[in-house]
Amino acid sequence: SSRVLQFAPSIFGASSIDMYLPLLVGATVCIPSQHDLMNKLEDAMKRFEVTFACMTPSAVSNVNPTQVPGLRTLCLVGEPLGQTIRKRWETHLSLLSGYGLSEGVGIACISSLTPSTHSRNIGVPPVARIWLAEPSNLQNLAPVGSIGEMMIQGPYVGHGYLDDPEK
């Protein structure tokens, strides 16, 4: 019964969340026109009876949660989540925050946002391991609470980046 909005352009890894994962579990992929995505997003979500959407906070900034009552889960990705958007949505549905890189496919970390969750909490990795290394020596883990270089291990990373320090 899940209906997933295909929002991300297919050239981005995030599009795998919109297109392939729903098909793997038997959900419906809802594909509005580019014009509707850019100009009539709220109407398209309502017309397609979307239950799950993954998009940037700025894309959903002009959508009124009460106008898309079928939307049960909203995953916000790609840019920092401001308090205005968060407060508008968090009482209407299950609100998620996702973090990923263009070098990978999908989301590297995901967080379920509750009123007590800090906005900068990027959550946990669903399919990979995340390591924080010292920026000056990537062979050493960074101390807890310090600034570090994020390293992702697992099937998430594109093969073109393996063993190529320049990339």
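**Exercise 1.** Is Asp-36 buried or exposed?

*Solution.* First, know your model: it's predicted, so local features need pLDDT of at least 70 and side-chain atom pairs count only at pLDDT 80 or more, while totals for chains, interfaces and linings use all residues. Residues are numbered from 1 along each chain as its sequence is written, and side-chain values use heavy atoms, leaving out hydrogens and water.

Next, grab the cut-offs: buried is under 20% relative accessible area, exposed is over 50%, and partly exposed is in between (1.4 Å probe, protein chains only). Asp-36 has 12% relative accessibility, so it counts as buried.

**Exercise 2.** Find the salt-bridge partners of Asp-36 and Glu-90.

*Solution.* Look for a side-chain nitrogen of Lys or Arg within 4 Å of a carboxyl oxygen of Asp or Glu; that's a salt bridge. The whole structure has two.

Step one: Asp-36 pairs with Arg-47 at 2.8 Å, N to O. This pair links distant parts of the chain, with Arg-47 in helix H3 and Asp-36 in helix H2 (residues 34–39). Helices here are DSSP runs of H or I with at least four residues, numbered from the N terminus.

Step two: Glu-90 pairs with Arg-86 at 3.1 Å, N to O. Arg-86 is buried because its relative accessibility is 3%, whereas Glu-90, at 22%, counts as partly exposed.

**Exercise 3.** List what Leu-74 touches, skipping residues up to four places away in sequence.

*Solution.* Contact means heavy atoms within 4.5 Å. Go through the neighbours: Ala-53, Met-55, Val-60, Trp-89, Leu-93, Ser-94, Leu-95 and Leu-96.

How values were computed
Helix = DSSP H or I, 4+ residues; strand = E, 2+ residues; numbered from the N terminus.
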